[in-house]
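Student: I would like to learn how to read burial, packing and backbone features from a set of coordinates. Could we go through them one at a time, with the general idea before the case?

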Amino acid sequence: MKAVVYTRYGPPDVLRLTDVQTPVPKDDEVLVQVHAVSLNATDWEGLQGQPLYSRIGGPFRPRHHILGSDIAGRVEAAGRNATRFRPGEDVFADILSHMGGFAESVCVPETALARMPAGMTYEEAAALPQAGAIALQGIRDKGQLRPGQKVLINGAGGGSGMYAIQLAKLNGAEVTGVDNSEKLEFMRSLGADHVIDYTREDFTRNGRTYHLILDLAAYRPAFAYKSSLMPGGRYLYVGGSVATLLQVLLIGPLIGRAEGKKIRLLAVRQGAQHLAPIVELCQAGKVATVIDRRYRLNEVPEALRYLGDGHAKGKVVVILE
Ligand SMILES: NC(=O)c1ccc[n+]([C@@H]2O[C@H](COP(=O)([O-])OP(=O)(O)OC[C@H]3O[C@@H](n4cnc5c(N)ncnc54)[C@H](OP(=O)(O)O)[C@@H]3O)[C@@H](O)[C@H]2O)c1
């Protein structure tokens, strides 16, 4: 089969479209023919080997040689103990811990798979898993955002932010989206009440405060976020620098404790099975999936460059149909 392979960290030029052995499913795995795979910041980070957390399991060379984690496609075959899916069924999955989606076929643990929601296209189903889970858990499950509250979403013009803005508005919140100048209009179109260009304004220094800060691009010292939280407010680190991550983990629980402010990591539970609430909202037409660009498998390097250079508004999807 064809796959986009890399063996060392680096820019998109290190990726090669090449022929590799079609994988054989283990007992508890399902072989899926990939019809669409969406790009995430984690693919860009895994390609570059930066931030350092993207090198877990592969400090010097990539652990997985094929990137791509959010897939939608059709079951081709199943291992001996994988009995929930039959060949020909349409499925989708988040395979962040296995990767391998930038290929014509991929083996997926049966537990990571879910049937494709009725009425959804392959590209919509591929767009949802990681970004949808971050938004759902960041805004509702862990964010506990309530009607009338104020939320700031940092990095809101990308994949997760696209869903997070819409979920926050559906929850009746007042939403501030932060991203670069190219994405301000896009965030407004999704429903953001206020937008901030991070290249011109530092939201931690403008005196405004929020009940919830969902941080998809955390590069500041953890202390900086405290003054942007209302008493009782919560800050959730999703992605960003390792220095900020360590501070959030080590001193986050202490910062702001006196005022009931919570500074925490959002450790996202993966798996298409956790997505039911957002799937229903998509099916009902209440949440839209915005696909900025579509690419073919041989264009994965170009697609990753577009995402990594910060142009993508919403999702970028590779189509293999
Ligand atoms: N915690 C977990 O369990 C977990 C699980 C999966 C993924 N993640 C993390 O989730 C993060 C977000 O993923 P995503 O797919 O939504 O990424 P994305 O689509 O690339 O969106 C991130 C957005 O943040 C913007 N940005 C970059 N630097 C910024 C800054 N300093 N201030 C404000 N905005 C900034 C980017 O724009 P420009 O760069 O173009 O300016 C981009 O629009 C990734 O870092 C990933 O590692 C975490």
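Tutor: Let us start with accessibility: a residue is called buried when its relative accessible area is under 20%, exposed when that value is over 50%, and partly exposed in between. Please keep in mind throughout that this is a predicted model.

Student: Is arginine 140 buried, partly exposed or exposed by that scale?

Tutor: Arginine 140 has a relative accessible area of 28%, and it is therefore partly exposed. It is found in helix H3, and, not counting residues up to four places away in sequence, it touches Ala135, Leu145, Leu167, Asn171 and Leu281. Between the C-alpha atoms of arginine 140 and alanine 164 there are 9.4 Å in space, although the two are 24 residues apart in sequence.

Student: Asparagine 171 appears among those contacts; where does it sit, and is it buried or exposed?

Tutor: Asparagine 171 belongs to the loop between H4 and strand S9 (174-179), and because its relative accessible area is 15%, it counts as buried. Beyond the residues up to four places away in sequence, asparagine 171 touches Ile139, Arg140, Leu145, Arg146 and Pro147. A polar atom of its side chain lies 3.2 Å from the backbone oxygen of leucine 145.

Student: How should I read the packing of nonpolar residues?

Tutor: In soluble globular proteins, nonpolar side chains tend to be buried together. Here the largest nonpolar core has 51 residues, of which Phe92, Ile139, Val151, Ile153 and Tyr163 touch the most other members. Several elements each supply at least two residues of this core, among them helix H3 (129-141), strand S8 (150-154), helix H4 (159-170) and strand S15 (315-319). A second, separate core of 42 residues includes Val30, Leu39, Leu67 and Phe85.

Student: Which residues does isoleucine 153 touch?

Tutor: With residues up to four places away in sequence left out, isoleucine 153 touches Ile139, Gly161, Ala164, Ile165, Val175, Thr176, Gly177, Val178, Leu214 and Leu216. Threonine 176, one of these, is placed in strand S9 and counts as buried because its relative accessibility is 5%. Its own contacts, again without neighbours within four places in sequence, are Val151, Leu152, Ile153, His194, Ile196 and Tyr210.

Student: What is the relative accessible area of valine 300, and what does valine 300 contact?

Tutor: Valine 300 has a relative accessible area of 0%, so it is buried. Its place is in helix H9 (residues 300-308), and it is in contact with Val4, Leu15, Phe102 and Val318 once neighbours within four places in sequence are set aside.

Student: And where does arginine 208 fall on the accessibility scale?

Tutor: Arginine 208 counts as partly exposed because its relative accessibility is 47%. It is found in the loop between strand S10 (194-197) and S11, and leaving aside neighbours within four places in sequence, it is in contact with Glu201, Ser227 and Ser228.

Student: Which backbone angles deserve attention here?

Tutor: Two angles are worth reading in turn, omega and phi. The peptide bond from glutamine 50 to proline 51 is cis, with omega near -5 degrees, and proline 51 is found in the loop between helix H1 (41-48) and strand S4 (70-78). Glutamine 144, a residue other than glycine, has a positive phi near 50 degrees; it lies in the loop between H3 and S8 and is partly exposed because its relative accessible area is 42%. Methionine 99 is not a glycine either, yet its phi is positive at about 60 degrees; this residue is in the loop between strand S5 (90-94) and S6, and it counts as buried because its relative accessibility is 7%.

Student: How do I move from residues to the empty space, and what lines the second largest pocket?

Tutor: Rolling a probe the size of a water molecule over the atoms shows where empty space is left. The second largest pocket holds about 200 Å³ of space, and its lining includes Met1, Pro23, Lys26, His98, Met99 and Cys107. Strand S6 (residues 105-109) gives the most to that lining, with 3 residues, and the lining residues divide into 7 nonpolar, 3 polar and 2 charged. Methionine 99 thus connects two topics, as a lining residue and as a residue with positive phi.

How values were computed. Residues are numbered from 1 along each chain as its sequence is written. This is a predicted model: local features need pLDDT of at least 70, side-chain atom pairs count only at pLDDT 80 or more; totals for chains, interfaces and linings use all residues. Side-chain values use heavy atoms; hydrogens and water are left out. On a 1 Å grid over the protein atoms alone, a cavity is a set of points where a 1.4 Å probe fits but cannot get out, and a pocket is an open set with protein on both sides within 12 Å along at least five of seven lines; lining residues have an atom within 4 Å of a point. Grid points are joined across faces, edges and corners, and a volume is the space filled by probe spheres set on the points. Helices (H or I, at least four residues) and strands (E, at least two) are DSSP runs, numbered from the N terminus. Ala, Val, Leu, Ile, Met, Phe, Trp, Tyr, Cys and Pro count as nonpolar, Asp, Glu, Lys and Arg as charged, and the others, Gly among them, as polar. A nonpolar core is a set of buried Ala, Val, Leu, Ile, Met, Phe, Trp, Tyr and Cys residues joined through side-chain atoms within 4.5 Å. Buried means under 20% relative accessible area, exposed over 50%, partly exposed in between (1.4 Å probe, protein chains only). Contact means heavy atoms within 4.5 Å. A polar contact is a pair of N or O atoms within 3.5 Å; within protein, one must be able to donate a hydrogen and the other to accept it, and residues adjacent in sequence count only if both atoms are side-chain atoms.
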